[in-house]
Amino acid sequence: MLLIRGAELAVLAALAAIPLLVDNSYVLGLLTLLAIYGILLIGLDVTVGYLGQVNLAQAAFLGLGAYAAALGVAHFELGMLPALGLALVVGWFFGTLLAFPALRLEGPQFALATLSFSALSATTLNEWESLTAGAQGLQVSRPPVLGIELDAPGFFWLCLVLLALVWLGMRNLLSSQWGRAFEALRDSPIATDAMGIGTYRHKVAGFALASALGGLAGGLYAFNFQYLQPQSFGWDLMVILLLGVVLGGRKSLWGALVGAALIALLPNLLSSRGLFETISAVGLVIAVAAGTRGLLKKTARPFQALAPIVAMAILTAGSLIVENTEDWRKAIFALMLFAVVVGLPEGLMGFAAHFLAQLFRVAPPPLPAPAPLDEVLPKQNADGSALLELRDVKRYFGGVKAVDGVSLTVRAGEIHGLIGPNGSGKSTAVNVISGLYVPTDGKLLLRNKALPAGSLFKVARTGVARTFQNLQLFSELTTLDNVMVALKGQYRAPLPLVLLGFAHGEERRAQAVALALLQLVGLQDQARTRAKDLTYGDQRFLEIARALARRPDLLILDEPAAGLAHPDVNRLVEIIKRIHERGVSIILIEHHMDVISELCSVVTVLDGGRIIAAGTADQVKRDPKVIEAYLGMADDSAGAAAPVQAG
Ligand SMILES: Nc1ncnc2c1ncn2[C@@H]1O[C@H](COP(=O)(O)OP(=O)(O)OP(=O)(O)O)[C@@H](O)[C@H]1O
């Protein structure tokens with residue numbers, strides 16, 4: 001950690017020292033642009049990298065921020081800092097305004113919405129000539145900072161200080177509960193909602209933050225160039241910004257800085273022959289190194305390894321042959337983008353990080369001791385009172401009556417088994433209870449209060465947690481982080497404290513709690529393993545630990561033994577017993593009748609969306625309707641064997 005902090009400080013100090021050592025206005029101009037683009041790309045990376053949304057509006061926010069700062073100075077005689085504050089607020093305001101409707105959309109539709117906003121913003125800046133001077137361009141004067149006129153190095157240092165502050169704030173934010181929530185909702189929005197974290201509101205917050213940084217960068221841009229034209233913030237720039245994020249490496253502050261350096265250099269790269277030749281050659285070396293490493297370690301397919309080498313070889317040869325590199329601009333960008341997208345999907349910094357990790361082998365900071373289970377999961381009062389009541393609940397899909405008038409009561413402290421042949425409506429029933437589906441009709445009560453209908457997020461906040469039949473883990477996050485995501489509701493340091501880095505205490509407490517839950521399911525030694533690298537069985541246990549982090553009154557386990565090998569099924573039974581000892585009430589959907597018999601005090605049997613039997617496991621196993629329902633299933637799988645045979 002100290003090494004990383006040291007590297008950050010060294011790079012910033014080196015950048016700050018350059019104007020003292022080199023008296024060159026061209027270099028200073030590039031450095032200033034690097035700092036401005038750095039802020040802009042850190043913002044863009046929040047949406048593209050962390051939230052996984054294709055945001056095509058960041059250039060527009062740069063423009064809006066630039067004009068806001070310029071007009072603030074021209075019309076209200078603002079100083080530089082208030083003008084930059086105005087640019088930030090304008091970016092944030094329009095970002096929020098766009099985010100509310102646009103983030104209701106997904107994938108390409110969202111990208112199109114941001115594209116439309118860019119077009120609208122460019123047209124308005126262009127046509128509102130009385131305010132912006134339109135295509136003619138707007139002269140901008142650079143106001144003093146706290147009464148001091150800044151020369152070129154002074155302005156660069158201001159940009160660098162702001163970049164350092166943004167860097168620091170974002171590093172703190174992204175390594176906090178907020179950053180984890182952003183990553184979680186990219187991996188599984190359904191599970192994020194089910195963990196009580198509103199995906200929509202977090203996406204809106206992330207987008208607004210990105211736009212605010214776009215606005216701030218815009219203010220600096222205006223005072224740097226001191227001349228604005230609406231067409232500078234159009235589609236061309238947006239493509240270059242995306243190129244910067246992809247080239248530098250997503251989800252990385254370093255990646256944003258490297259991307260910013262590249263896009264600051266790009267236009268100059270082509271006009272300086274020597275520089276272009278050098279960069280092409282360096283690109284070829286990187287492509288060869290990455291390709292060879294990929295082939296040797298079998299992490300890359302031959303095409304993935306060879307294509308970038310061929311592309312960079314063409315670029316290097318071209319840099320030596322062609323007369324005027326400016327004429328080949330688009331082909332050059334295309335070759336570079338192709339090489340990076342195919343060969344280095346994690347960007348230059350992602351690639352460099354592998355090497356640096358091997359070179360320095362920095363041990364992660366030690367984890368705290370697990371918190372006592374009595375604090376993490378206090379024993380609940382299992383008094384047998386009615387916890388969850390379903391009254392004549394129905395859920396139809398067109399003509400399919402998946403759940404057709406189900407009434408049942410789950411009592412505090414019981415493990416309530418829900419069984420039935422395939423397609424009998426079990427998953428639909430729990431999807432209605434947990435808020436994934438809106439019921440077609442009927443009432444759902446938790447402790448005599450109506451359960452919110454059709455909102456995973458709201459139901460999660462009432463004390464209901466669940467796992468999923470088809471695993472819904474945050475696969476890119478570690479085991480520990482998966483559990484910590486679900487703790488967000490319990491650890492809420494105010495945002496300013498998080499940005500300033502004063503949330504570490506809270507973070508340590510959350511780690512200790514998460515470790516205790518991992519210990520409960522036997523995964524404490526895998527805390528730093530990424531969820532996608534766990535065995536299938538361990539992934540199922542991780543989902544249970546994550547759901548427990550919600551400290552639920554009611555835990556719904558949707559076929560937790562599905563696909564588990566026999567030893568893991570035994571382990572699962574032990575885990576469920578341990579959870580039950582804490583007084584947590586459980587609804588258990590299961591096909592393994594021996595698991596149901598061992599664990600459940602009450603069993604409800606569904607068939608065709610209706611309850612056909614209820615009672616103890618022994619009673620329902622002997623019920624003729626249940627036997628008929630199961631035996632009526634032609635050649636069913638072994639896992640779904642008739643209950644009479646399995647017990
Ligand atoms: N989203 C949906 N759209 C349309 N039909 C659905 C949907 N979800 C479930 N169904 C139908 O509802 C019925 C009940 O399905 P459900 O998945 O709830 O059963 P299940 O008891 O959980 O089955 P399994 O044990 O195979 O998971 C089935 O006929 C299924 O095809």
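**Figure 1. Residues around the ligand in the predicted model.** The shell around the ligand consists of Phe397, Val400, Ala402, Gly420, Asn422, Gly423, Ser424, Gly425, Lys426, Ser427, Thr428 and Gln469; a residue is placed near the molecule if its C-beta atom, placed from the backbone, lies within 6 Å of it. Two or more residues of this shell come from each of β4 (400–411) and α18 (426–433). Helices (H or I, at least four residues) and strands (E, at least two) are DSSP runs, numbered from the N terminus. The most is given by α18, with three residues. By class, the shell holds three nonpolar residues, eight polar and one charged. Here Ala, Val, Leu, Ile, Met, Phe, Trp, Tyr, Cys and Pro count as nonpolar, Asp, Glu, Lys and Arg as charged, and the others, Gly among them, as polar. Residues are numbered from 1 along each chain as its sequence is written. The model is predicted: local features need pLDDT of at least 70, side-chain atom pairs count only at pLDDT 80 or more, and totals for chains, interfaces and linings use all residues.

**Figure 2. The four-stranded antiparallel sheet.** The strands form an open sheet in the order β4-β3-β6-β7. Two strands are taken as paired if DSSP finds at least two bridges between them. Because β4 and β7 (449–450) stand at the edges with a single partner strand each, one side of each is left without a neighbour in the sheet. Helix α18 packs on the sheet and touches β3 (386–397), β4 and β6, where contact requires C-beta atoms, placed from the backbone, within 7 Å. The direction of α18 makes about 65° with that of β4. Axes are lines fitted to C-alpha atoms, for helices over the stretch in contact, and angles run from 0 to 180 degrees between N-to-C directions.

**Figure 3. Bridges and hairpins within the antiparallel sheet.** Nine bridges join β3 and β4 in the antiparallel sense, and five join β3 and β6 in the antiparallel sense. Lys394 has Asp404 as its bridge partner in β4 and stands opposite Asp441 in β6. The hairpin of β3 and β4 has two residues between the strands, and Gly398 in this hairpin takes a positive phi near 60°. Strand β6 (residues 441–446) pairs with β7 over two antiparallel bridges. Across this pair, Leu446 is matched with Lys449 and Leu445 with Ala450. β6 and β7 also form a hairpin with two residues between them, and Arg447 in the turn has a positive phi of about 45°.

**Figure 4. The six-stranded sheet with mixed pairing.** This open sheet has the strand order β8-β9-β10-β5-β11-β12. Its edge strands, β8 (464–466) and β12 (610–615), each pair on one side only. From one strand to the next the twist averages 20°. Strand β5 (residues 415–419) and strand β11 (residues 602–607) pair in the parallel sense over four bridges; Val603 in β11 is the bridge partner of Gly417.

**Figure 5. Two loop residues with positive phi, Glu77 and Ala133.** Most residues other than glycine have a negative phi. Glu77 has a phi near 50° and is found in the loop between α3 (58–76) and α4 (80–102). Glu77 counts as exposed because it has 10 C-beta neighbours inside 10 Å. Ala133, with a positive phi of about 65°, is found in the loop between α6 (129–132) and β1 (138–139). Ala133 has 17 C-beta neighbours inside 10 Å and therefore counts as partly exposed. A residue is buried if 20 or more other C-beta atoms lie within 10 Å of its own, exposed if 12 or fewer, and partly exposed in between, with C-beta atoms placed from the backbone.

**Figure 6. Spans annotated as transmembrane region in UniProt.** The unreviewed UniProt entry places this feature at residues 26–44, 56–76, 82–103, 152–170, 204–223, 276–296, 303–322 and 334–357. UniProt positions are given in the numbering used here, feature names are shortened, and annotations may be inferred rather than shown by experiment. In the model, residues 26–44 are 100% helix and 0% strand, with end C-alpha atoms 26 Å apart. Residues 276–296 are 100% helix and 0% strand, and their end C-alpha atoms lie 30 Å apart.

Definitions and conventions: Two residues are in contact if their C-beta atoms, placed from the backbone, lie within 7 Å.
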